[in-house]
Amino acid sequence: MNSESVHLIATDPPFNKARDFHATPDSLSAGAKFQDRWNWDKDVHQGWVDQIRDDWPAVWAAIDLAKAIYGKDMAAFLCFMGVRLIEMQRVLREDGSIYLHCDPTASHYLKALMDAIFGKKMFRNEIVWCYSGGGIPKKDYPRKHDVILRYTNSNQRTFNIERKPYAENTQQVGIHSTYSGADNKIDLKRGTPVTDWWNDIQTTTGWSPENTGYPTQKPLALYERIVKASSNSGDWVLDPFCGCATTPLAAERLGRRWVGMDLWERAHEVVLDRLGEERLDTPGKRGGLLPRGEVHYETTPPVRKDDTPPAAPRLETPTRQARESAMSRAEMFNTLIERNGIICAGCNRRFDDPLYLELDHIRPRADGGSNDLDNRTLLCGPCNRIKSNTLTLSGLRRENKKRNRMAQ
């Protein structure tokens, strides 16, 4: 997708629940299933790790911290989410917003990840969605809430305030004055703004008419609230984990344009069926009309038409010609050892073990340096910390000379 092309991302990805999910048999979503288990050795692509470590060191720090505290499975999940959130940030417009649905399993780690990608100042809300139903544990409080992390790409964000009626006891007080900042009076007819604690929307249970049988389906009202708040009529809404089409349906009902993505091969059929039930589609099984345009279904990625480089190039189909340009970090490390020996290029110190050296850039990525072998060098830990992501290799060597750190 082109950079800065989406007004709103509202998505409900895997939660790292360490479970397998299956749709209800004979339901609209019959056959849908996914594995919400993560393994560092099986599920993490080396290209993800290389790209994050090279271009997003703060993201890697968040993943590394999760690995130390929680374990490799959480780190694997965060790698999977990290490369995708990096791309989501790229396609989001400057005035755009993202709502990431999760739960306490990983919400704190995902928040650190999003702080690293969007910036901690772009964090807007941790929305708590409360619900009831299901089993009650004997030795714990019932776990009856999800978390929705809301971030923006800048301070120029779209936000439409939603109001709801005041509680009955407030209305009975008998205050009938118009709200005024000077005397703090309240207009009861106007209502009170919705806060970041949502307890007025229930889950989609078996008796609900909108239930499709999808194992992690969320209620339409929940995503309609999000779409209303952070987009306007005609805006583009994206859900990269659209599942049973709740976000596309909410966007269509509210007059937004939308893009839904999913790995499940029948996801598009559910989208069309649900639009058909709402009489919003043309090709669905139940017929109907689509007043705002056509529904397009593609199984190959669209061709980008902008010139902006992707935030995570290794998600693209490789087009590089030179073998050196396509090397992994491990291959580059070994090649530099073979060429130069176990020596730090920053201070000229020699070591007995290559474990003392770290792969870094000669010209920082922040200054336009590439990830290719001809822009790589090996540094010891202290030199790497001094160089950080601001100094060039020559700048590091000048700094080491000033500090008398150069080996003779």
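In this predicted model, the axes of helix 3 (residues 57–69) and helix 5 (residues 107–118) come within 8 Å and cross at roughly 165 degrees. An angle over 145 degrees counts as roughly antiparallel. Helix 3 and helix 5 are therefore roughly antiparallel to each other. Their crossing is right-handed. Helix 3 contributes Ala 58, Val 59, Ala 62, Ile 63, Ala 66 and Ile 69 to the contact. Helix 5 contributes Tyr 109, Ala 112, Leu 113, Ala 116 and Ile 117. By class, the residues of this contact are 11 nonpolar, no polar and no charged.

The chain as a whole gives the setting for this pair. It holds 12 helices and 13 strands. Of its 408 residues, 45% are buried. The accessible surface comes to about 22,300 Å². Carbon and sulfur atoms account for 49% of that surface. Contacts were also sorted by separation in sequence. Among those between residues at least 6 apart, 64% join residues at least 24 apart.

A second helix pair involves helix 2 (residues 46–55) and helix 4 (residues 72–91). Their axes come within 10 Å and cross at roughly 60 degrees. That angle makes helix 2 oblique to helix 4. The crossing of helix 2 and helix 4 is left-handed. On the helix 2 side, the contact is made by Trp 48, Val 49 and Ile 52. On the helix 4 side, Cys 79, Phe 80, Val 83, Arg 84 and Ile 86 take part. The contact of helix 2 with helix 4 has 7 nonpolar, no polar and 1 charged residues. The charged residue is Arg 84 of helix 4.

The third pair is formed by helix 7 (residues 220–230) and helix 8 (residues 246–253). The axes of helix 7 and helix 8 come within 9 Å and cross at roughly 55 degrees. Helix 7 is therefore oblique to helix 8. The crossing of helix 7 and helix 8 is right-handed. From helix 7, Leu 220, Tyr 223, Glu 224 and Val 227 enter the contact. They meet Thr 246, Thr 247, Leu 249, Ala 250, Ala 251 and Arg 253 in helix 8. This contact divides into 6 nonpolar, 2 polar and 2 charged residues. The polar residues are Thr 246 and Thr 247. The charged residues are Glu 224 of helix 7 and Arg 253 of helix 8.

Lys 228 also belongs to helix 7. Lys 228 is partly exposed, with a relative accessible area of 45%. Leaving aside neighbours within four places in sequence, Lys 228 is in contact with Asn 160, Leu 254 and Arg 256. The C-alpha atoms of Lys 228 and Thr 158 are 10.0 Å apart in space. In sequence, Lys 228 and Thr 158 are 70 residues apart.

Ser 154 offers a view of a loop residue. It lies between strand 6 (145–152) and strand 7 (163–164). Its relative accessible area is 10%. Residues under 20% count as buried, so Ser 154 is buried. Not counting residues up to four places away in sequence, Ser 154 touches Glu 94, Asp 95, Met 122 and Arg 124. Ser 154 and Ser 97 are 57 residues apart along the chain. Their C-alpha atoms are separated by 8.7 Å.

Backbone angles were examined next. Most residues other than glycine have a negative phi. Ala 18 has a positive value, near 60 degrees. Ala 18 lies in the loop between strand 1 (6–11) and strand 2 (19–22). With a relative accessible area of 45%, Ala 18 is partly exposed. Ser 388 also has a positive phi, of about 50 degrees, although it is not a glycine. Ser 388 lies in the loop between helix 11 (381–387) and helix 12 (393–402). At 38% relative accessibility, Ser 388 counts as partly exposed.

Note on methods:
Residues numbered from 1 in each chain as written. Predicted model: local features only at pLDDT ≥ 70, side-chain atom pairs only at ≥ 80, totals over all residues. Heavy atoms only, no water. Axes fitted to C-alpha atoms, helices over the stretch in contact; angles between N-to-C directions. Helix = DSSP H or I, 4+ residues; strand = E, 2+ residues; numbered from the N terminus. Parallel < 35°, antiparallel > 145°, perpendicular 65-115°, else oblique. Left-handed = near helix turned anticlockwise from the far one by under 90°. Contact = heavy atoms within 4.5 Å. Buried < 20%, exposed > 50% of the residue type's maximum accessible area, 1.4 Å probe, protein only. Areas by Shrake-Rupley, 256 points an atom, 1.4 Å probe, with all protein chains shown as cover.
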